[in-house]
Amino acid sequence: MDPGLARLKRVSGIVGFSAALSALNLLSPGNPGFWSYAFNPYLFSAFLIASYYGKSYGILSILCSAGFLFAFYPAGGTDLITRGAIPLAAGLVVVYMFGLIRDSFSGRGDAEAKKADGLAVENAGLRKEVESLRSVNGQLEQRVSRQSDSITLLSGKIEELYSVNLDSALSTILDIVQQFTGATRCSLWKYLSEEKRLVRWASLGDSAIDEPDSIPAEGTIEGWVVRNKSLFSVRMFLQYANLNRMDSGRNIYTAPISTGQSLWGVLNIEELPFERYNLYTEKLIQLILSLSAPALERAQDYESHVGGAGVNAVTGFPAYRDFLAYLAGVVEDAKAERHSVSVFIFELTNYAEISGLIGVEGVERIFARLSASLKKVGRNQTYFFQYREPKQFAVIHDGLDMDGASLFSLEALEAVNRTQWKMEETVVHPEIIVGFASLGESDSGVSALIERSERILGMQRR
């Protein structure tokens, strides 16, 4: 209740009570003020009011009662003063003391109440702070407890990036970023240098309906990241006024994506849990993109050499001419960088029998399943191509020497033998042979690698 209204109600109540008591006194006209009684209701009511509301209200009660008595007994005013002077003075003193004691306790209570209110507000703030700290601490505990697992998981995810498909590798980057940073919305933007624009290539999470699919490189955070080739964090708005003018509300972290020496575009994190916004997440994004760069360079290089028109729709193997062209480039790079590369030729010796049972497309599906197994064996460092004949396919494995090539061949044959090959309710038993050769042997070149691989393959046919 409003303090002024409460005070008005108290005063009106005291005045009304004093008037009623004085009106009651009219029933005893010979005893104005009830001075003849041992118990005086005027003084007693004043004591109670002073004890409950304070000394001011107690004194007001006595003054109101005296006023009403003089009004109701104008002829007996002298008698009232003579007989009531001493009790009235004593009553005022007692009322004042009662009121003073009550005011003291009331003031102390108000102070305690204010203190309690302050403590409640402070406690609420501390509770929010504790909840925030608990959330951050939970993140730190999870980070520490899962550190070794996270490193293993990140290593496995990075290996998945070593795909010959650039689009697939970029999709994997989005998955990795979302999994390791907790981002609820993130996107990839491809930079079109000739048009000076960025286009949305892919997104994860719910995007706003009005978000653009194409933005200019000038006047945007994404364009600033492309030009400077450095990571942007939302905290940079506090440091750089020019970035504030570019703020569109969609950038928390924005980082450049490089494929070797060239810049492909940017990764943009649009929504992130508050507790995940920290230096650790920022460094983690940079680590993920740094580890991804060689894989993206490899995929982009592969796509630039291999023509999409000759790719088999079932196996995904590019044509034989693409094998020769790509192998020439790999061999040239390997010689320049002084590392090894191996070539494998796989052949299905019972091709005629199996194709008669499940058809040519069925054989191609066997090759597709086998290539998926070999990618795991080769830790995604393998490139697959169609070879000369439908019963053959070739594999280029960058970084393997002769010993590694021998081990890869054995593991590949083991993968064939331990797999049950069932195609449309028909169980088949593919018989695979493999020939291989490695760069590093004397006078190695494309022709020499292929010739040695085919020679080993021919030796197994006898």
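Student: How much area does the chain expose, and what share of it do carbon and sulfur atoms supply?

Tutor: This is a predicted model, in which local features need pLDDT of at least 70, side-chain atom pairs count only at pLDDT 80 or more, and totals for chains, interfaces and linings use all residues. Residues are numbered from 1 along each chain as its sequence is written, and side-chain values use heavy atoms, with hydrogens and water left out. Accessible areas come from the Shrake-Rupley method with a 1.4 Å probe, and for residues only the protein chains shown count as cover. The chain exposes about 24800 Å², and the share from carbon and sulfur atoms is 57%.

Student: Which strands are the edges of the open sheet of 6 strands?

Tutor: Strands are DSSP runs of E, at least two residues, numbered from the N terminus, and helices are runs of H or I, at least four. Two strands pair if DSSP finds at least two bridges between them. The order is β3-β2-β1-β6-β5-β4, with antiparallel pairing. Pairing on one side only marks the edge strands, β3 (214-216) and β4 (232-233).

Student: What is the bridge partner of R197 in β3?

Tutor: Strand β2 (residues 197-204) pairs with β3 in the antiparallel sense over 3 bridges. For R197, the partner in β3 is P216.

Student: Which strands does helix α9 touch?

Tutor: Contact means heavy atoms within 4.5 Å. Helix α9 (residues 279-305) packs on the sheet, touching β4, β5 and β6.

Notes:
Axes are lines fitted to C-alpha atoms, for helices over the stretch in contact, and angles run from 0 to 180 degrees between N-to-C directions.
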